[in-house]
Amino acid sequence: MKALAQNRRHPFAGVVLLVLGLLLTGGMYALASTMNQAQAATSGTSYSAQDISEGEKLFNANCATCHGFDAVGTEDGPTLVGVGAASVDFQVGTGRMPMQMQGPQAQKKPAQFNDEQTAQLSAYVASLGAGPAVPEDEYLDTDHEDVNIARGGELFRVNCAMCHNAAAAGGALTRGKFAPGLADVSEKHIYEAMATGPQNMPVFSDANLTPEDKRDVIAFLKTIEANPSPGGAALGSLGPVSEGLFIWTAGLGILIGFMVWLTSRSS
Amino acid sequence: MSTTTEYSAATRTGRISNFVDTRMGVSPMVKEFGRKIFPDHWSFMFGEVALYSFVILLLSGTFLTFFFDPSMAHTTYEGSYKPLYGLEMSVAYASSLDISFDIRGGLFMRQVHHWAALLFVAAMSVHMLRVFFTGAFRRPRELNWVVGCLLLLAGLAAGFTGYSLPDDVLSGNGLRIIDGILKAIPVVGSYISMFLFGGEFPGYAVIGRLYVLHILIVPAAILLLIVVHLFMVVVHKHTQYPGPGRTNDNVVGYPVGPVYAAKAGGFFFIVFGVISLLAGFFTINAIWNYGPYDPSPVQAGTQPDWYIGWFDGALRLMPGVLGDFSFKWDIPFPWGVNSIPLGVLLPMIPVGILMVGMIVWPWIERWVTRDDREHHLLDRPRNAPFRTAAGVAGIIFYCVMWAAASSDLIATHFHMSLNDVLYILRFLYFAGPIIGFIVTRRICLALQRKDREIALHGREAGVIEMTPAGEFRERHEHLSDYELYRLVGFENRRPVPAQPGKDGKVSGLEKQRAKLNKWFYEERVEPVTRDELTAARAHGHHDAVEADHGAHGIDR
């Protein structure tokens, strides 16, 4: 305590205090924001009549304002007849729907419905017309014996990297739209995004990328996500821009510090 | 028998030195060079950083050449990196991957090489800015400024040829843009492109050719230019900041031996250490992400290395159409229609102007100011408001293009529309340099006025005193003569009106020059004269006596 009291007027005391404060608030925020994350197993793909009727109730209460009763669509939202369960599961499961506000595209946010409710909504919308279903677990299994990561990488670079960046770090589209980064997106949601083409994404139907192809892409994404960059900190995997920024700030900054030090006792 | 006995040293070191000296006559050289004085200031060390980065580039680059194979032949990758295993790719890319994953220390050396390349050009750029803003390019150093400009351009060439070698999608896209720019040149463009790529892009030749340029011609040119550059530094002697005892006829500082040599030698290892730390902890150019080059995909976040960014940005800023007006002109010729893609050609014009303007600036300034004297004392940037403002305008112009190269990342990271980012940058492209020029000039003049104020009346001490008569006044602390020198000891530049030529007439060009010159100097702050200073001091002293406060620090 005595040392603490003695050093309280040290030139770095303010800096230390600031760092401690930031660490404390940041840590508390991180703790608070992960506590409410829902954890539940994926429900099966067959829906009961009970699910459908519960789903309809939820839909009428939360979605019909924009998508209309019976999901026929209004001026504010498109019809959902025929979009399929996969689309609902993706949009609601990633928190994009219900939309926070009208904008260039729906943004990801904490999901507003739990897994059961999401499944009920999916069941209801799927009952209105045929569409892509929630994928079967077999196609989400990245450890499957037929998985070829290198092929998945090639498919990703040819089909996805132009918007999502080669390292899946995301990228810009026109007029405020963007392709999000793909880290921390579940296997199921990646699959559903490919199958249904949410927001500005094109649809990669089974004729275009077979379910096995999609599984390869997912396996590739999960591989590069799980393995840290071999070269050290990846600087956001954004390529030459972040590298340039880094050399101008950190690189030159450190060297200027040394320069000032070397010439500090000069004539 | 000779009457003089040969000198024999007492120690072993002495004998070895004597052996070398009697055969090569080194001691006069060491004596001359070792006593060479260099002034000490941190801002003088950016050139050193560039030099050391270049040495590191040579060392790490040599390592890489042992393992890199610049062949565009097809091969199947069977190395350690699983996400690319079994893919068909060029030998160049496969060997780059092998360097990264299968050769001990290879990835580290690749990253050392690449970080050092970024630092090399960055340090050169900052060094150039330092030289520009302090006026160190003036006579007699104009030619060395040109050599420096050529070094910067050679650095860009070295960087770009190296960036293109790994043959991943990123580097291939860079080459594709070069191919596009070449093909945009009217009439001869497609021939030049075919010549460079040995056929239609991408062909099988370009990497081998770029490799030769990258490891032979360009480094040799840089090395030669560095030798000339340093030779001229020795001939001209180093410039120095103005200060008491520093004149145009002397250099105040440390001799090379031993102090400066030790500092410089140590600094080399500091630079090497910093680059090694960067290379050890931070990924650069993750070629394994980009995949083998294939002309069809382009990836989000495809950018050149930072120093080529402004070319890329200039292209991004240029609209392809403006309303109904297309920048692609189809011109019918007897042999068919030739297209002139102005959307690609026009952006290259300001880039060229900026480069040429940079090279010829010493002559522009010499012509406008009619100042052809030798200068070994540097300017404080504020004391040359016009030059400083012009430099800032140039920096802003460059930076707008530079920022435009990362328009997509600005859009995603600041949650803006990509289109809006481009509109804002297009506006700044034209307005930014003008605003920057005006604001910088005002700031420089204001700083000069502040200097003048401080020189005449001292610093406001923040202490309010009450005289016995009840009058309040603030105490002013006068500067020491040493501090004062910096504020008053600068050159008073006056406009030079139009001069008649040899035929006794004032030529039109001379009138233009005079107009520019007036623009340079029409607003200026004169340095404090001796009389003004004496008068101000007498006044201050008078006040102090009145106040009857002989406190230390007030007047003398």
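Helix 5 of chain B covers residues 106-133, and because a helix is expected to span 1.5 Å times one less than its number of residues, its 28 residues should reach over 40 Å, which agrees with the 40 Å between its end C-alpha atoms. Helices here are DSSP runs of H or I with at least four residues, strands are runs of E with at least two, and both are numbered from the N terminus. Helix 5 of chain B is mostly covered, with 24 of its 28 residues buried; a residue is buried if 20 or more other C-beta atoms lie within 10 Å of its own, exposed if 12 or fewer do, and partly exposed in between, the C-beta atoms being placed from the backbone. Just after helix 5 of chain B, B:Gly135 adopts a positive phi of about 70°.

This is a predicted model, in which local features need pLDDT of at least 70 and side-chain atom pairs count only at pLDDT 80 or more, while totals for chains, interfaces and linings use all residues. Residues are numbered from 1 along each chain as its sequence is written, and chains are lettered from A and ligands numbered from 1 in the order in which they are written.

**Chain B as a whole**

Chain B holds 19 helices and ten strands, and its C-alpha trace spans about 95 × 95 × 60 Å along its principal axes. Of its 556 residues, 36% count as buried. Among the contacts in chain B with a separation of 6 or more, 71% are between residues 24 or more positions apart, where two residues are in contact if their C-beta atoms, placed from the backbone, lie within 7 Å.

In chain B, strand 7 (residues 328-333) and strand 8 (residues 336-341) run antiparallel and are joined by six bridges; strands are taken to pair if DSSP finds at least two bridges between them. The hairpin that links strand 7 of chain B to strand 8 of chain B passes through two residues, and B:Ile331 stands opposite B:Asn338 in strand 8 of chain B.

B:Ala157 is placed in helix 6 of chain B, which covers residues 142-163, and it counts as partly exposed because it has 16 C-beta neighbours inside 10 Å. From B:Ala157 to B:Arg373 there are 216 residues in sequence and 35 Å in space, C-alpha to C-alpha.

**Domains and annotated spans**

Domain bounds come from an automatic or database domain assignment, which gives each chain two domains, as tabulated here.

| Chain | Domain 1 | Domain 2 | Distance between domain centres (C-alpha atoms) |
|---|---|---|---|
| A | residues 46-133 | residues 135-231 | 23 Å |
| B | residues 1-34 | residues 42-342 | 45 Å |

In chain A, 15 residues of domain 1 are in contact with 13 residues of domain 2. The domain 1 side of that contact divides into six nonpolar, six polar and three charged residues; Ala, Val, Leu, Ile, Met, Phe, Trp, Tyr, Cys and Pro count as nonpolar, Asp, Glu, Lys and Arg as charged, and the others, Gly among them, as polar.

The UniProt features quoted below use the numbering given here, have shortened names, and may be inferred rather than shown by experiment. For chain B, an unreviewed UniProt entry lists "domain: Cytochrome b/b6 N-terminal region profile" at residues 16-242, a span that is 69% helix and 4% strand and whose end C-alpha atoms lie 43 Å apart. For chain A, an unreviewed UniProt entry lists "transmembrane region" at residues 245-263; that span is 95% helix and 0% strand, with its end C-alpha atoms 26 Å apart.

**The annotated site in chain A**

An unreviewed UniProt entry also places the feature "binding site" at A:Cys63, A:Cys66 and A:His67. A:Cys63 lies in the loop between helix 3 (49-62) and helix 4 (64-67) of chain A, and it is buried because 24 other C-beta atoms lie within 10 Å. A:His67 is in helix 4 of chain A and is likewise buried, with 23 other C-beta atoms within 10 Å. Leaving out residues up to four places away in sequence, A:His67 touches A:Gly73, A:Thr74, A:Gly77 and A:Leu80.

**Contact between the chains**

The contact takes 54 residues from chain A and 59 residues from chain B. On the side of chain A that touches chain B, the elements that each supply at least two residues include helix 7 (149-159), helix 10 (211-226) and helix 11 (240-262), and helix 11 of chain A gives the most, with 15 residues. The residues on this side of chain A divide into 32 nonpolar, 18 polar and four charged.
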